[in-house]
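Work through the exercises below with the structure open beside you. Try each task before reading its solution.

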Amino acid sequence: SDIRDAHALSTIERIKKESLILAIQDTTELNLTHHPSTQELGYLDCPSSRGLKVHTTLCVSNAGIPLGILTKSVWFNRPKIFREKTFASQKTDLR
């Protein structure tokens, strides 16, 4: 999208001005198990929980000032293949 692309370019420009950046990563689960209108979601950490996983990388300056989101990945684990840990992935690369 145009908004995401503009944000990515602004983040890269802010990063270029820094001599050192910290890339802070986090993986979050969006647990949608109890939302009856959602369908075909992947499992989370157990086969009875359904939802999505989101991994984000936030860049900050050495002084702790946020510079922007560098990457974001969203994926789900296929429900029928719990033990094989097969992933279907939709990745958003903000480069």
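The exercises that follow concern a predicted model.

**Exercise 1. Layout of the chain**

Task: State how many helices and strands the chain has, and give their order.

Solution:
- Step 1. Count the elements. The chain holds one helix and five strands.
- Step 2. Read them from the N terminus. The order is α-β-β-β-β-β.
- Step 3. Place some of them. Helix 1 covers residues 2-16. Strand 4 covers residues 66-77.

**Exercise 2. Confidence**

Task: Find where in the chain confidence is lowest and where it is highest.

Solution:
- Step 1. Begin with the whole chain. Its mean pLDDT is 83. Of its residues, 82% reach 70 or more.
- Step 2. Go to the elements. Strand 5 (residues 87-93) has the lowest confidence, with a mean of 49. Strand 1 has the highest, at 95.
- Step 3. Look at residues 84-90. The pLDDT is below 50 there. Beyond near neighbours in sequence, this stretch still has 14 contacts in the model.

**Exercise 3. Surface and contacts**

Task: Describe burial, surface and contacts for the chain as a whole.

Solution:
- Step 1. Take burial. The chain has 95 residues, and 25% of them are buried.
- Step 2. Take the surface. The accessible area is about 6,800 Å². Carbon and sulfur atoms account for 54% of that area.
- Step 3. Take the contacts between residues at least 6 apart in sequence. Of these, 46% join residues at least 24 apart.

**Exercise 4. A salt bridge in the helix**

Task: Locate the salt bridge between Lys16 and Glu13, and decide how exposed each partner is.

Solution:
- Step 1. Get the total. The whole structure has three salt bridges.
- Step 2. Check the distance. The Lys16 and Glu13 side chains come to 3.4 Å, N to O.
- Step 3. Place the pair. Both residues lie in helix 1. They are three residues apart, about one turn of the helix.
- Step 4. Classify the partners. Lys16 has a relative accessible area of 59%, so it is exposed. Glu13 has 43%, so it is partly exposed.

**Exercise 5. A network around Lys53**

Task: Trace the salt bridges that join Glu29, Asp45 and Lys53.

Solution:
- Step 1. Start with Glu29 and Lys53. Their closest N and O atoms are 2.9 Å apart. Glu29 lies in strand 1 (residues 21-31) and Lys53 in strand 3 (residues 50-61), so this salt bridge ties together parts that are 24 residues apart in sequence.
- Step 2. Add Asp45. Its side chain meets that of Lys53 in a salt bridge of 3.0 Å, N to O. The two side chains are also joined by a polar contact of 3.0 Å.
- Step 3. Combine the two. Through shared partners, Glu29, Asp45 and Lys53 form one network.
- Step 4. Compare accessibility. Lys53 is buried, at 12%. Glu29 is partly exposed, at 32%. Asp45 is exposed, at 61%.
- Step 5. List the surroundings. Leaving aside neighbours within four places in sequence, the contacts of Lys53 include Thr27, Thr28, Leu44, Ser73, Val74, Trp75 and Asn77.

**Exercise 6. Pro66**

Task: Say where Pro66 lies, whether it is buried or exposed, and which residues it touches.

Solution:
- Step 1. Find the element. Pro66 belongs to strand 4.
- Step 2. Judge its accessibility. The value is 58%, so Pro66 counts as exposed.
- Step 3. Check its contacts. Not counting residues up to four places away in sequence, Pro66 touches Cys59 and Val60.
- Step 4. Look further along the chain. Thr11 is 55 residues away in sequence. The C-alpha atoms of Pro66 and Thr11 are 9.4 Å apart.

**Exercise 7. Cysteines**

Task: Count the disulfides, then classify Cys46 and Cys59 by accessibility.

Solution:
- Step 1. Apply the cut-off. A disulfide needs two cysteine sulfur atoms within 2.5 Å. The count is zero.
- Step 2. Classify Cys46. Its relative accessible area is 29%, so Cys46 is partly exposed.
- Step 3. Classify Cys59. Its relative accessibility is 0%, so Cys59 is buried.

Notes: Residues numbered from 1 in each chain as written. Predicted model: local features only at pLDDT ≥ 70, side-chain atom pairs only at ≥ 80, totals over all residues. Heavy atoms only, no water. Buried < 20%, exposed > 50% of the residue type's maximum accessible area, 1.4 Å probe, protein only. Helix = DSSP H or I, 4+ residues; strand = E, 2+ residues; numbered from the N terminus. Contact = heavy atoms within 4.5 Å. Areas by Shrake-Rupley, 256 points an atom, 1.4 Å probe, with all protein chains shown as cover. Salt bridge = Lys/Arg side-chain N within 4 Å of Asp/Glu carboxyl O. pLDDT = per-residue confidence, 0-100. Polar contact = N/O pair within 3.5 Å; in protein donor to acceptor, adjacent residues only side chain to side chain.
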